[in-house]
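Open the model in your viewer and keep the selection panel at hand. The stops below say what to select next and what is there.

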Amino acid sequence: MDEILEILEKDARVSVKDMAKMLNKPEEEVEKTIKSYESKGVIVKYKAVLNKSLLEDRKSVLALIEVKVSPQKDAGFDAIAERIYKFEEVKDCYLVSGAYDLLVVVEGRDLNTVSDFVAEKLSPLSAVKGTITHFLLKKYKEDGVVLKRKSGAKRINITY
Amino acid sequence: MISEKVKNMAPSGIREFFDLVLEMKDVISLGVGEPDFVAPWRIREKAITCLEDGFTSYTSNRGLLRLRMEVSSFLKKKYGLNYRPESEILITVGVSQGLDLAVRAIVNPGDKIIIVRPCYVSYPAVVELAGGKSLFLDTKAEENFKINLSRLSSLLKQKPKAIILNYPCNPTGVSYTKRELAEIWKVLSRAGVIVISDEIYDQLSFDFPHTPFPALPLAKGKTVYLGGFSKNYAMTGFRVGYACADKKIIEAMTKIHSYVMLCAPIISQFAAVEALSNSRDVNYMFREYRRRRNFVVEGLNSLNLPTIVPQGAFYCFSSIAGARFKSSLEFAKALLFKEKVAVVPGSAFGDKYGKFVRISFAQDIGLLKEALSRIGRFVRSRL
Ligand SMILES: Cc1ncc(COP(=O)(O)O)c(C=O)c1O
């Protein structure tokens, strides 16, 4: 993987100027490369990873929902997946192998909002044969980031 | 009460400075000679399992055969080196101990050993404690801190028993290409000296492939090759490394080892086996260090602290000649008090290097950036 992507994946706020220094490349070249990743869709967007459990005001609940569906003629799973992922409540949607077909991550204000979504929007879809909802109790790690204040040993400040 | 030898060791001014740094809070430290990464989880997890499984005993003096076999095949695969696990490899308590054993195994009282400066601080002390005498080969900034062959040749006339090499080098980051090493070996082989080669930073060679000294034609029999886990795998606290050499030398080193140390810690040895089994994390750290290197060298040079590009390791050895300080110790103290940035005075690495400081880039890039801006402010205030 290009080092530019490695840098951005870890910290999207590193400036083009600093990246150019780190990689020993002209700024224009770095800029151009990033632009091309953006236009190709390799870089989809830049966003912050939040630990919402620390927010006082806006708490939300997440649920992982296993969805069993019957694939449709000619469209396979894609059509039904699209039906589902277009709901704004759906954060992530994956087609998976195994005992069920789609893994859908839904975010809502509270338990009721999520269960209403499942009962009123998801389950009634004719292609949906069944759902199992897992409410998420605690996030330990998201997108490679451990959601915990750093602790552990500190290096001493000076050694040979 | 204390022996003369010990009393005379270590430059005292530097010790004082270190104590100052250790007492101060909120310092951005570029004074550290170890990775800022923690050892990869797979390695730590292995150590935990090892404890759970009850591996709390001694191992054989030479170290776990399993680890020696892994070291042997690692060196074979990576560098084409052939060391026999049964007789030519010793597992040590870090390269530190490997170095001490190597020197003690070969030095008779009064024997001379060439040390290339600026150098890692333990070399002169280890030679001294073993009853040897150091011959210093001081490299120069205007020669990019590389070994000058004609000065090497003239030192060899004093019939030294051995030379200690270190590349990539702490504190300069200097390393040598295969061709440069061949030139050095040509001079050394004629003199018949033993080469103790500290290659602890071997996997942090940024600009060209690393060539181990024993990989040079006919050099293996004359070389004590020292390698370790501290830097490459961010395992400084595990205290484990390896020495590879001719059977006779390894036997002699093992003899001392069996009396003074018995063996390296068993948990660390298992962790080292795990370390060698995968290079993904090493490769990641390598790229990160290289990016930091580029960033910091550019920064320092633009601040008028001339810095040659370190080809390996994670240090810049920067000249402070333009900043109007009596010595690098004064510079480091003032920088610490005014801007809370710690660097190591160059005089720690040889008395001729009072106009340099060692700046470690084994630090988070965000902190490096902040430190550079503080150093910039500091340097400008002195102009
Ligand atoms: C050149 C050099 N050799 C040896 C060591 C010590 O390594 P170890 O932790 O394996 O004893 C260091 C550590 O800073 C070093 O820089």
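Start at B:Pro118, which lies in the loop between strand S3 (112-117) and helix H6 (122-129) of chain B. Helices here are DSSP runs of H or I with at least four residues, strands are DSSP runs of E with at least two, and both are numbered from the N terminus. The peptide bond from B:Arg117 to B:Pro118 is cis, with omega near 0°. Most peptide bonds are trans, and most residues other than glycine have a negative phi.

This is a predicted model: local features need pLDDT of at least 70, side-chain atom pairs count only at pLDDT 80 or more, and totals for chains, interfaces and linings use all residues. Residues are numbered from 1 along each chain as its sequence is written, while chains are lettered from A and ligands numbered from 1 in the order in which they are written.

Colour by confidence next. pLDDT is the predictor's confidence in each residue, from 0 to 100. Chain B averages a pLDDT of 96, and 99% of its residues score at least 70. The model scores are ipTM 0.81 and pTM 0.90.

**Two more backbone stops**

Select B:Pro171. This residue sits in the loop between strand S5 (162-166) and helix H8 (178-191) of chain B. The bond from B:Asn170 to B:Pro171 is also a cis peptide, with omega near 20°.

Now go to B:Lys159, in the loop between helix H7 (149-156) and S5 of chain B. Phi of B:Lys159 is near 55°, a positive value in a residue other than glycine.

**The ligand**

Select the ligand and its shell. A residue counts as near a molecule or strand if its C-beta atom, placed from the backbone, lies within 6 Å of it. Which residues come nearest? Of the 14 around the ligand, they are B:Gly94, B:Val95, B:Ser96, B:Asn170 and B:Ser230. B:Asn170 also begins the cis bond to B:Pro171. Helix H5 (residues 94-106) of chain B gives the most to the shell, 3 residues. Chains A and B both contribute residues around the ligand, so the site is shared between chains. By class, the shell has 4 nonpolar, 9 polar and 1 charged residues. Nonpolar means Ala, Val, Leu, Ile, Met, Phe, Trp, Tyr, Cys and Pro; charged means Asp, Glu, Lys and Arg; the others, Gly among them, are polar.

**The 7-strand sheet**

Show the strands of chain B. Two strands pair if DSSP finds at least two bridges between them. An open sheet of 7 strands runs S2-S8-S7-S6-S5-S3-S4 in chain B, with mixed pairing. Strand S2 (89-92) and strand S4 (133-138) of chain B are the edges; each has a single partner strand, so one side of each lacks a neighbour in the sheet. The twist averages 20° from one strand to the next; axes are lines fitted to C-alpha atoms, for helices over the stretch in contact, and angles run from 0 to 180 degrees between N-to-C directions.

Zoom in on strand S6 (residues 194-198) and strand S7 (residues 223-228) of chain B, which pair in the parallel sense over 4 bridges. B:Asp198 stands opposite B:Leu226 in S7(B). Add helix H4 (residues 65-79) of chain B, which packs on the sheet and touches S2 and strand S8 (241-244); the direction of H4 makes about 115° with that of S2(B). Contact between two residues means that their C-beta atoms, placed from the backbone, lie within 7 Å.

**The domains of chain B**

Colour domain 1 (4-39 + 281-381) and domain 2 (56-276) of chain B. Such bounds come from an automatic or database domain assignment. The centres of these two domains, taken over C-alpha atoms, are 25 Å apart. Their contact takes 31 residues from domain 1 and 32 residues from domain 2 of chain B.

**The 3-strand sheet**

Select S9, S12 and S11 of chain B: they form an open sheet in the order S9-S12-S11, with antiparallel pairing. B:Val344 stands opposite B:Arg358 in S12(B). H11(B) lies across S9 and S12, running at about 5° to S9(B).

**Between the chains**

Finish with both chains. Here 13 residues of chain A are in contact with 21 residues of chain B. H2(A) supplies the largest share of the chain A side, 4 residues.
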